[in-house]
Protein chains: 2
Amino acid sequence: MNSEVIGIIAGAFSCTTFLPQVIKTWKSKSTKDVSLTMFLIATLGTALWLLYGILINSFSIIATNIVVLVFSITMLVLIFINRDKERG
Amino acid sequence: MNSEVIGIIAGAFSCTTFLPQVIKTWKSKSTKDVSLTMFLIATLGTALWLLYGILINSFSIIATNIVVLVFSITMLVLIFINRDKERG
């Protein structure tokens, strides 16, 4: 099988990795067990990948990381909103 | 700045993304708010990236994804152990 087919499928998985967590947290409004540090690292890492994609002019890296960045920033917002609520 | 420097820093962030969640869950033994689906997708995606790295013979893709795979499989194991316990 063409290795690029594997790469495209792998990229599709990467794009949607955080989506189930966003949906779960959106519904439960509970983030007690979720690591804030994980999503801070993910957001910074994804922003750097996006910058890398822009620098080397790679559409697939840019597109993938915009999607991941949207989900990871959404998780950061959900974590901050819900922790604030939980503290009262 | 050289774009490859940005790429290497971005890769380092990607490698360690799941580590804070592993540490948090290891300590708390609680996974109620953590999405199992997220780590299933992450594990499958990472395994595909590893396969892609092997197919195109890229050491950096292979090395990065072995690290990520170890953390994501660890999270899957922690989720299964703790959900089993929580169910009693």
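This passage describes how two chains of a predicted model are arranged and one patch on the surface of chain A. Local features are given only at pLDDT of at least 70 and side-chain atom pairs only at pLDDT 80 or more, whereas totals for chains, interfaces and linings use all residues. Residues are numbered from 1 along each chain, chains are lettered from A in the order in which they are written, and side-chain values use heavy atoms, without hydrogens and water.

Chain A is superposed on chain B by a rotation of 180° with 0.0 Å of shift along the axis (RMSD 0.0 Å); the fit is by least squares on C-alpha atoms of residues with pLDDT of at least 70 in both copies. The two copies are therefore related as by a two-fold rotation axis. Both copies use the same surface, since 100% of the contact residues of chain A recur in chain B.

In the interface, 35 residues of chain A contact 35 residues of chain B (contact: heavy atoms within 4.5 Å). About 3000 Å² is buried between the chains, 70% of it from carbon and sulfur atoms (buried area: the accessible area, 1.4 Å probe, lost on being put together, summed over both parts). On the side of chain A, Phe13(A), Asp33(A) and Met38(A) lose the most area to chain B, together 20% of what that side buries.

Leu51(A) belongs to helix H3 (residues 36-56) of chain A (helix: a DSSP run, H or I, of at least four residues, numbered from the N terminus). Leu51(A) is partly exposed, at 37% relative accessible area (between buried, under 20%, and exposed, over 50%; 1.4 Å probe, protein chains only). The C-alpha atoms of Leu51(A) and Ile62(A) are 7.9 Å apart, although eleven residues separate them in sequence.

Key:
Helices (H or I, at least four residues) and strands (E, at least two) are DSSP runs, numbered from the N terminus. Buried area is the accessible area (1.4 Å probe) that two parts lose on being put together, summed over both.
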